[in-house]
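The following exercises are to be worked with the sequence and the model at hand. Each task is followed by a solution in steps.

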Amino acid sequence: MPQKAESKIVPANSIGILPLQEAVLFPHTVIPLAVVKKPGIQLVEEALREGKPIGLTVLKDREVDNPGPDDVSRIGTIGVIQKMLKVPDGTLRCIVAGQQVFKIEQFTQVAPYMVAAYAELPDVTVENEQLVAMQRNLAGLFQKLLSYLPQAPREMEMEVQNITDPSVLTYFVASTMRLDTADRQALLEERDTAKRMRKLTLLLTKELEVVELGHKIQSDIQREMEKNQREFYLRQQLRAIQEELGEVDPQQAETNELREKIEAAKMPEDVKKSADRELDRLSKVPQASPEYSVIRTYLDWLVTLPWNSETADHIDIAQARKILDEDHYDLEKIKDRIIEYLAVGKLKKKLTGPILCFVGPPGVGKTSLGQSIARAMGRKFVRLSVGGVRDEAEIRGHRRTYIGAMPGTIVRAIRDAGTRNPVMMIDEIDKVGADFRGDPQSALLEVLDPEQNVNFRDHYLDLPFDLSSVLFICTANNLDTISPPLRDRMEIIQLSGYTELEKMQIAKRYLIKKQRKANGLKETQAQIADPALRAIVTDYTREAGVRNLEREIGTVFRKIARKIAESPRYKARVKPENLVDYLSRPRFYNEVRKRTASVGVSTGMFWTPVGGDILFIETQAMPGTGKLVLTGQLGDVMKESAQAAVSFLRSRSSELELPEDYFAKHDVHVHVPAGATPKDGPSAGIALATAIASTLTGLKVDPNLAMTGEITLTGQVLPIGGLKEKVLGAKRAGIAKILLPKRNEPDLEDIPKEVRDSMTFVTVEELSEVLHHALGKRLITPVPLGAADGKASNVVPMRRNGVLKRVRPGERKRRSLARKR
């Protein structure tokens, strides 16, 4: 017989070796590769740069991390890199074409990549009738296999028909079949074409038997499904015929349908017993009876609740952090607490623990944080707004004895979520009221207690429902209105207002993109410059959150959208110079200097559930009978602070160089604008005392200064709350310097660094220090005269010729009478 190619050894050459984990490259075929390790990346890049081939051999053990000469097979395929792509993570994707089988003779290099001397191993093909018959049989079997694989491209069948070389045919079929790595390597190492074709035919026959068996099983299943569909269709026809003949009892059909739903709902045993009992009652009650609709509605609720359906948690800490960063700017402490909460749940395989309650001003992202948590966990998200709820039945539901009764909001939310473990946000929990219909906050005690909500019993269902898998998150603006027992069941996480820098970043990262998309604009059509955005933040909004800021940005983009609709080529870039064209005149001004330009005016600080701000305290003294007049809708606590301030200053009137009868012949009027807004609290104490002292001395208060702190009758400055919100409000109003109690100094750590660096903070312990910093002159001595060893003295300080002296009360009176004479 003629011999097509003789087996000969090509003189050894050197070639770089690229180990493969599972893939085997055959000659005359192409294979995609992902090169991820550094030695392989360096080898591929050098080979492509120098135009050299590489040797590809399969690993003996795919689990080896750093393969050496003993870990690779000695026979492989010489490959030429046709195309290479470098991906962002530094790895390579390349297409390699197989050329010739080779054998490693000796390794000449191990690092940075393996290099070996090799010899080519050509195919041994003996052409005869038997080989032709085997080739035709192999091609026929492969074409038959392709007929069972609808996803295989038809071009493969044409390619097999066009291959005339038996060796090339074996390589093509072996490269397209699903074979083990060991079988592939055995085929590659077999150099005799006839023997390789015989092995491949055996493997192909086995694969064809498996595919034919799978096809038979699929056909049987398909016939069974068609039979079931046919039976269903015939039953529907039979039902229609029976209804046409009037032979069907609608009530019985409805009962059968409910029974099927009860079986499919997978209820707990006690719930199923109750449902079956109610279903038996339903079958005995006439449809015209009012009780029939009550029972039917009740059963509908039972079969629609997700008694055992829940969403699988996918807690990926890195992904959760990424989602929180995508949805919210800054809020690092809050994000860390949420990540800790999820990490504990991941380790315990179940999220349990205290209920989270986000407390902060409106518009700071409380609700969206809950949505981000649900997205990070892969759970459903439902939101309940309980603001203004005063009826306990809204939480627990109404009993079925009432007409139109239904379950409470908790059960309804579970039904809407379709799963028993959603993330449920209870919004505005601080605005829940109470009246003669009950206390909804007391009803929430059971819902938000992990020890009790395992068997939560809604009044309408009157059956236990497990709420322990629900992740409850609450939001509030103010903690004062939440009852102590309910507050004790929640972990409070405070969210403060945003600084100007934070609002700028939030606007640039989120709000501008959102509003631009909402108004149908492209980035090239509408842009807002940073100075204009800063002007919107400072001159058109004054809030703790960013809701009004988003509205103002939306207003700008709506006006731009109108102009583009009228002139499609119009493009806008909003700058401070043309901002007034979109938002008219500014709404807020820095009026601190103007308001404090007069004597008797000081700047105080306050905070409410919607954020912090400043207030102006105005005082006037006028001839009168010694009355203290307080206006501006001041609360009792604030009135007492004003009286304490007057009493302290009156006791130090001599140090203020006031006549002895000054307070007996003058009235002091204290007014706190705006008059229509109620005000209360002790933190305005030092501001009240400073304003009154300014009026008495004629000295103006530093216009760049704001202050907060409670005072006592002895002039001590006591700590206050809400310092962070107050400071942020003062910063928005343009204040540069703040007086605060010494005992509030640790609270400065909670204030953002950029705010601390841009303002001056002075801590004080006594009112004498406050007046010194506010009025620029030390008017009162820090330690009262006449006090020693903690005992009070009847010695009264008196100023004469600019010098403080101690005098007895009787002597002071005699001296005063002598001056009058």
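**Exercise 1: Lysine 431 and its loop**

Lysine 431 is located in the loop that runs between β9 (423-427) and α15 (440-447), where helices (H or I, at least four residues) and strands (E, at least two) are DSSP runs numbered from the N terminus. The model is a predicted one, in which local features need pLDDT of at least 70, side-chain atom pairs count only at pLDDT 80 or more, and totals for chains, interfaces and linings use all residues. Residues are numbered from 1 along each chain as its sequence is written, and side-chain values use heavy atoms, with hydrogens and water left out.

Task: Determine the accessibility class of lysine 431 and which residues it touches, not counting residues up to four places away in sequence.

Solution.
Step 1. The relative accessibility of lysine 431 is 37%, so this residue counts as partly exposed; buried means under 20% relative accessible area, exposed over 50%, and partly exposed in between (1.4 Å probe, protein chains only).
Step 2. With contact taken as heavy atoms within 4.5 Å, and residues up to four places away in sequence not counted, lysine 431 touches Val386, Gly387, Gly388, Val389 and Asn477.
Step 3. Leucine 479 is 48 residues from lysine 431 in sequence, and the two are 9.9 Å apart in space, C-alpha to C-alpha.
Step 4. Phenylalanine 436 is also found in the loop between β9 and α15. Its relative accessibility is 77%, so phenylalanine 436 counts as exposed. Its C-alpha atom is separated by 9.8 Å from that of glutamate 392, 44 residues apart along the chain.

**Exercise 2: Two arginines**

Task: State whether arginine 396 is buried or exposed, and how arginine 587 is classed.

Solution.
Step 1. Arginine 396 belongs to helix α13 (residues 393-396). Its relative accessible area is 14%, so arginine 396 is buried.
Step 2. Apart from neighbours within four places in sequence, arginine 396 is in contact with Gly408, Ala443, Glu446, Phe456, Arg457, Asp458, His459 and Tyr460.
Step 3. Arginine 587 is in the loop between α20 (580-583) and α21 (592-595). At 43% relative accessibility, arginine 587 is partly exposed.
Step 4. Apart from neighbours within four places in sequence, the contacts of arginine 587 are Asp539, Tyr540 and Glu552. Aspartate 539 and arginine 587 are 48 residues apart in sequence, with a C-alpha to C-alpha distance of 6.0 Å.

**Exercise 3: Backbone geometry**

Task: Identify which peptide bond is cis in the stretch from alanine 111 to proline 112, and describe the settings of histidine 28 and glutamate 657.

Solution.
Step 1. As background, most residues other than glycine have a negative phi, and most peptide bonds are trans.
Step 2. The bond joining alanine 111 to proline 112 is cis, with omega near 0 degrees. Proline 112 sits in the loop between β5 (92-109) and β6 (115-120).
Step 3. Histidine 28, not a glycine, has a positive phi of about 65 degrees. It lies in the loop between β1 (13-20) and β2 (30-35) and is exposed, at a relative accessible area of 53%.
Step 4. Glutamate 657, likewise not a glycine, has a positive phi of about 60 degrees. The loop between α22 (636-651) and α23 (662-665) holds glutamate 657, which is exposed at a relative accessible area of 58%.

**Exercise 4: Cores and the whole chain**

Task: Find which residues have the most contacts inside the largest nonpolar core, and explain why the protein chain is described as more spread out than a compact globule.

Solution.
Step 1. A nonpolar core is a set of buried Ala, Val, Leu, Ile, Met, Phe, Trp, Tyr and Cys residues joined through side-chain atoms within 4.5 Å. The largest has 55 residues, and those with the most contacts inside it are Ile429 and Leu448. Helix α9 (residues 290-304) supplies the largest share of this core, 7 residues.
Step 2. A second, separate core has 54 residues, including Ile323, Ile473, Ala532 and Leu549.
Step 3. The protein chain contains 28 helices and 26 strands. Its radius of gyration is 43 Å, well over the 28 Å that the globule rule gives for 821 residues, so the chain is more spread out than a compact globule. The radius is taken over C-alpha atoms, and the rule is 2.2 Å times the number of residues to the power 0.38.
Step 4. Along the principal axes, the C-alpha atoms of the protein chain fill a box of roughly 155 × 90 × 65 Å. Buried residues make up 45% of the 821 residues.
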